[in-house]
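Colleague: I would like to learn how to read the packing of a model, going from a single residue out to the chain as a whole. Could you take me through it feature by feature?

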Amino acid sequence: MHTVHDMKELGRAIRARRKELGYTQAFLADYAGVSASFLSELENGKETIQVGKMMEVISLLGMDIKMSRRGE
């Protein structure tokens, strides 16, 4: 499990998982119903992305976001 502290780390985790699955950005964008530019911005850690779209991409990659208090 990887702890994500900011959008850059989240983007790196999403990119790594996409590549692990062998998906291109174009394929995943089409599959998730988002634009390729949105996916690129997400993977590059742009902080103004839409949370709903981000959650859809994360879900389609078979990933979860878990929240916990620091130190737990």
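Colleague: Which residues does valine 57 touch, not counting residues up to four places away in sequence?

Modeller: A list of this kind leaves sequence neighbours aside, and for valine 57 it consists of Ile14, Leu28, Ala32, Val34, Phe38, Leu39 and Leu42. Please keep in mind that this is a predicted model.

Colleague: Which members of the largest nonpolar core touch the most other members?

Modeller: A core can be read through its best-connected members, and in this core of 15 residues they are Ile14, Leu42, Met54 and Val57. The elements that contribute two or more residues to this core are helix 1 (7-20), helix 2 (25-32), helix 3 (36-43) and helix 4 (51-60).

Colleague: Is phenylalanine 38 buried or exposed?

Modeller: Burial is judged by relative accessible area, with under 20% as the cut-off. Phenylalanine 38, which lies in helix 3, counts as buried because its relative accessibility is 7%. With neighbours within four places in sequence left aside, phenylalanine 38 is in contact with Ile49, Gln50, Lys53, Met54 and Val57.

Colleague: How far apart in space are phenylalanine 38 and glutamine 25?

Modeller: Separation in sequence and separation in space are best read side by side: phenylalanine 38 and glutamine 25 are 13 residues apart along the chain, while their C-alpha atoms lie 9.9 Å from each other.

Colleague: Turning to the surface, which residues make the nonpolar patch of about 440 Å²?

Modeller: That surface patch is made by Val51, Met55, Ile65 and Met67. Methionine 55, which is found in helix 4, has a relative accessibility of 37% and therefore counts as partly exposed, the class that lies between the 20% and 50% cut-offs.

Colleague: How many helices and strands are there in the protein chain?

Modeller: The protein chain has 4 helices and 0 strands, so that, read from the N terminus on, its elements run α-α-α-α.

Colleague: Why does the radius of gyration of the protein chain agree with that of a compact globule?

Modeller: The general idea is to set the value against the one expected for the chain length: a compact globule with 72 residues would have a radius of gyration near 11 Å, and the protein chain agrees because it has 12 Å. Along its principal axes, the C-alpha trace spans about 40 × 25 × 15 Å.

Colleague: What share of the contacts with a separation of 6 or more comes from residues 24 or more positions apart?

Modeller: In the protein chain that share is 52%, and 28% of its 72 residues count as buried.

Terms used
Residues are numbered from 1 along each chain as its sequence is written. This is a predicted model: local features need pLDDT of at least 70, side-chain atom pairs count only at pLDDT 80 or more; totals for chains, interfaces and linings use all residues. Side-chain values use heavy atoms; hydrogens and water are left out. A nonpolar core is a set of buried Ala, Val, Leu, Ile, Met, Phe, Trp, Tyr and Cys residues joined through side-chain atoms within 4.5 Å. Buried means under 20% relative accessible area, exposed over 50%, partly exposed in between (1.4 Å probe, protein chains only). Contact means heavy atoms within 4.5 Å. Patches are made of residues with over 30% relative accessible area and no salt bridge: like charges are joined within 9 Å, nonpolar side chains (Val, Leu, Ile, Met, Phe, Trp, Tyr) within 5 Å. Accessible areas come from the Shrake-Rupley method with a 1.4 Å probe; for residues, only the protein chains shown count as cover. A salt bridge is a side-chain nitrogen of Lys or Arg within 4 Å of a carboxyl oxygen of Asp or Glu. The radius of gyration is taken over C-alpha atoms; the globule rule is 2.2 Å times the number of residues to the power 0.38.
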